[in-house]
Every structure is written in C-alpha cells, then in structure tokens.
Amino acid sequence: SEQSKLKIRNVYYPPYHSKYNPIERVWSSLERHWNGTLLSTAKTVIEWTKTMTWKAMSPVVNLIDKIYSKGVKLNNKEKEELESKIVRNSELPKWDLTITPIAVDF
C-alpha cells in the first residue's frame with residue numbers, strides 16, 4: 001500500500017473579516033431556512049441543518065458529542081512536538097498554517 005501524509009491547511013480570517021468567511025455567509029441562509037423554529041434540542045438543530053441548501057448544496061451534518069477536557073496544559077516538550085508538525089506561512093504565520101499530523105495508509 002502507498003503511504004501518504006495527511007496534510008491539513010488552515011487559513012483563518014482575522015476576527016473583523018467575517019464578510020469574507022463562507023461559514024459566516026452560510027449562517028444567514030440557515031437562519032432564514034429554520035424561520036424562527038424553536039431549536040430546543042440538538043436533534044432539532046441537526047435535522048433543520050441537514051435540510052437546508054446553500055448554492056444548491058446541502059451540508060454534511062454530524063453531532064460531535066465527545067466531552068473535551070478543560071484546563072489541559074502542555075509542557076514545553078509537548079508544545080515543541082506539536083509545533084514541529086506545523087508549517088507556518090512566512091507572510092501570515094498567525095493566519096495560515098499547514099499541519100502534517102500522521103502518516104496514513106491508502
């Protein structure tokens with residue numbers, strides 16, 4: 001089997017640039033779609049979200065119900081290990097980075 005590295009590229013918009021963020025632009029479509037429906041349960045939110053469309057596409061919707069630990073702190077060695085997997089764009093190091101977490105068999 002061929003071994004490839006999984007790469008994840010994150011490009012963040014600064015907080016004041018939401019008009020350029022496609023996720024922010026989809027939100028208004030979702031709000032119009034559910035048209036004031038009481039979103040009282042996670043199931044209701046998921047079902048309404050699955051039935052919306054934006055630019056003729058429906059979203060893929062999954063509930064992540066994992067409980068994340070609060071207050072987790074990394075020591076310097078752990079931070080360095082994680083940072084070694086990150087390649088930052090030299091022009092925008094805070095907003096544009098590529099992560100190569102693990103080798104993946106395909």
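**Helix α3, strand pairing and salt bridges in a predicted model**

L82 has its place in helix α3, which covers residues 76–83. The structure is a predicted model. L82 is partly exposed, with a relative accessible area of 44%. Together with V72 and L74, L82 makes a nonpolar surface patch. The area of this patch is about 270 Å². Membership of a patch requires over 30% relative accessible area. L82 meets that cut-off, because its value is 44%.

The overall architecture was then examined. The chain contains three helices and five strands. Their order along the sequence is β-β-α-α-α-β-β-β. Two strands thus precede the helices in this pattern, and three strands follow them. The chain has 106 residues, and 11% of them count as buried. The accessible surface amounts to about 9400 Å². Carbon and sulfur atoms contribute 55% of that surface. Among contacts with a separation of 6 or more, 53% are made by residues 24 or more positions apart.

Strand β4 takes part in two pairings. Strand β4 spans residues 96–99 and strand β2 spans residues 8–11. The two strands run antiparallel and are joined by four bridges. Within this pairing, V11 stands opposite D96 of β4. Strand β3, residues 86–88, also pairs with β4. This second pairing is antiparallel as well, and it extends over three bridges. Here I86 stands opposite I99 of β4. Strand β4 is therefore paired with β2 and with β3, given that at least two bridges define a pair.

Side-chain pairing was considered next. Side chains of opposite charge can pair when their charged atoms come close. The count of salt bridges comes to two. One of them links R9 and D96. The closest N and O atoms of R9 and D96 are 2.7 Å apart. R9 lies in strand β2 and D96 in strand β4, so the salt bridge ties together parts that are 87 residues apart in sequence. The partners differ in accessibility. R9 is exposed, with a relative accessible area of 57%. D96 is buried, at 7%. The value for D96 falls under the 20% limit, which means that D96 counts as buried. The value for R9 is over the 50% limit, so R9 counts as exposed. D96 thus appears both in this salt bridge and opposite V11 in the β2–β4 pairing.

The other salt bridge joins R88 to E83. Its closest N and O atoms are 2.9 Å apart. R88 is partly exposed, at 38% relative accessibility. E83 is also partly exposed, at 36%. Residue 83 closes the range of helix α3, and residue 88 closes the range of strand β3.

Helix α1 supplies a further set of contacts. This helix covers residues 22–34 and includes V26. V26 is partly exposed, with a relative accessible area of 21%. Buried residues are those under 20%, so V26 falls outside that class. With residues up to four places away in sequence left out, V26 touches M52 and W54. The C-alpha atoms of V26 and K55 are separated by 9.3 Å. V26 and K55 lie 29 residues apart along the chain.

How values were computed:
Residues are numbered from 1 along each chain as its sequence is written. This is a predicted model: local features need pLDDT of at least 70, side-chain atom pairs count only at pLDDT 80 or more; totals for chains, interfaces and linings use all residues. Side-chain values use heavy atoms; hydrogens and water are left out. Buried means under 20% relative accessible area, exposed over 50%, partly exposed in between (1.4 Å probe, protein chains only). Contact means heavy atoms within 4.5 Å. Accessible areas come from the Shrake-Rupley method with a 1.4 Å probe; for residues, only the protein chains shown count as cover. A salt bridge is a side-chain nitrogen of Lys or Arg within 4 Å of a carboxyl oxygen of Asp or Glu. Patches are made of residues with over 30% relative accessible area and no salt bridge: like charges are joined within 9 Å, nonpolar side chains (Val, Leu, Ile, Met, Phe, Trp, Tyr) within 5 Å.
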